[in-house]
Amino acid sequence: MTAPPKILLVNPTMTSRRSARFPLSLLSLAGSLESARSCRVIDGNIDRDYLATIRRTLAGEHYDAVGLTVMGGPQVRSAISASTLIRAASPTTPIVWGGYFPTLFTDAALNAAYVDYAVRGPGEAIMGELLAAISSGRADALESIGGLSWKRQGAIVHNKDRKFADSRAAAPLPYDLLGDPRAYLAKTFLGRRTAAHQASIGCRFRCTFCGVAAMFRGATGLPPAARLERDLTWLKDELNADSIQFFDHNFFERETDMVPLLEVLAKIQLPWWCYARADALLNLSAESWALVRKSKLRMAYIGAESPNDAMLKSIRKGTNSDQTLAAAALCRRQGVIPELSFMVAPPQDTEEETERTFEFIREVKKVNPDSEIIVYIYTPLPAASLPANSRASASAAVLRDLTGAPIRFPATPEEWTEKRWVDYACHADAPWLTEPLRRRIQDFVTVLGCRFPTVQDVRSPSWTKSTLRALASWRYRFRRYGRPWELALTRRLIRLADPRATGI
């Protein structure tokens, strides 16, 4: 019997060890292959000397391929370091990049000498076919793999797009590949041992600014209720997890599909956090909300994006500002904290829309003072990264910098590691922002965050939050956001957590 191909799966360092969560994409990929026993997972978020671990691993064993999951932003630099080391340590081993970065910026990924293959979209089925093609050594086998981009004699080849199918294995995730899975349980406001999980994948909405929409193209896949119950029961009973952070791209799908999953959550009763949409929450029946309350949902992250309904329509969000306010009020009645994200400083009417959003946020806080607010810079995806049916409208409004010149997006991974592009990928800055507006946004966020310290910070004692509230109250009340030096200094001394960087 021929042994299954061996693959080394790497999660390059992206966050602190304290903020590390299960590398769910790699576990799902390993579980979908012919034999998860043929995989090894190295997680740079837990193993802080993971490059040395990669070097030792490749020196000690032969692997048929190395796969790296790569997000945009700071993880690109880590992925470059890991891939460069892999190429030097084992020059003939194929290197595969998967995840959001190679899906959205495929040409940029493959313009690197240390990347041989780029997986566009979910990789479970693609990786299995790719390993078989590599083993066969036949170019025609590569050409038939939908969703794969690769190089033929130095030229980039993009195979046809792959129709979405939920290719995740029905078997439990191979957590044992991580060594001690308990190292991933984190202390959060949900509990002392919060575990990360993903039940469904994808989203049926097609927001033009969203990487999930570009990756899944309006498709979604939900698990059977029995599978969700099995997985959560294992996390609760075997790992002693006391809460769950769901990384589903949009947890609340159609109500009829969600009721069986809510019944499971109501049965297991682990406090949880998830992504949701305002319209989906508003459309839930009283019976479903009873299940939500029983299930102990603590917080729902809702993409409010903007108070400008015309803008929401142009980016295909599918919700409006009235629904945002109504959802905030509904969550207050139901005992759920809404974590609302807003995008400020769009390329058009930049300053006016930013100030309008500030005022809308104040309105949200009146409706529900417990609302958590996340403020991002609006940094739309390049037109080339969008599905074909969204590119025409996106291309019609060419993005320009402060000088009026068209923005040229990076063409290599190295260019994406420049600070301005890391900030762009993290929604922290944009080429069309003026320095006064950039400072105005930072000042508003500082005052807002001090006036309403996040409940997600479990490290700071309560007196520090009370101090911040008192210091910021007059500024917030009278809209005196400018140069809040005393708040910035106090916040640095207290080191209040920022949900934009740490999640829960």
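T357 is a buried residue in this predicted model: its relative accessible area is just 1%, and the cut-off for calling something buried is under 20%. You'll find T357 in helix α15, which covers residues 350–367. What does its side chain reach? The T357 side chain gets to the backbone oxygen of E353, at 2.8 Å. If you set aside the neighbours within four places in sequence, T357 is also in contact with P307, F342, M343 and V344.

Now let's move over to the sheet. Seven strands make it up, and it's an open one with mixed pairing. Reading across, the order goes β2-β1-β3-β4-β5-β6-β7. Why do β2 and β7 each have a side without a neighbour in the sheet? Both stand at the edges, β2 with residues 39–43 and β7 with residues 155–158, and each has a single partner strand, so one side is left free of a neighbour in the sheet. As for twist, neighbouring strands here are turned by 20 degrees against each other on average, ignoring direction.

It's worth zooming in on one pair. In general, strands of a sheet pair through backbone hydrogen bonds, and they can do that in parallel or antiparallel fashion. Strands β5 (residues 117–119) and β6 (residues 148–152) run antiparallel, joined by three bridges. One place to look is V119, whose bridge partner in β6 is L148.

Finally, take a look at what lies across the β2 end of the strand order. Helix α2, residues 50–60, lies across β1 (7–11), β2 and β3 (65–69). Relative to β2, helix α2 runs at about 160 degrees.

Technical notes:
Residues numbered from 1 in each chain as written. Predicted model: local features only at pLDDT ≥ 70, side-chain atom pairs only at ≥ 80, totals over all residues. Heavy atoms only, no water. Pairing = 2+ DSSP bridges. Helix = DSSP H or I, 4+ residues; strand = E, 2+ residues; numbered from the N terminus. Axes fitted to C-alpha atoms, helices over the stretch in contact; angles between N-to-C directions. Contact = heavy atoms within 4.5 Å. Buried < 20%, exposed > 50% of the residue type's maximum accessible area, 1.4 Å probe, protein only. Polar contact = N/O pair within 3.5 Å; in protein donor to acceptor, adjacent residues only side chain to side chain.
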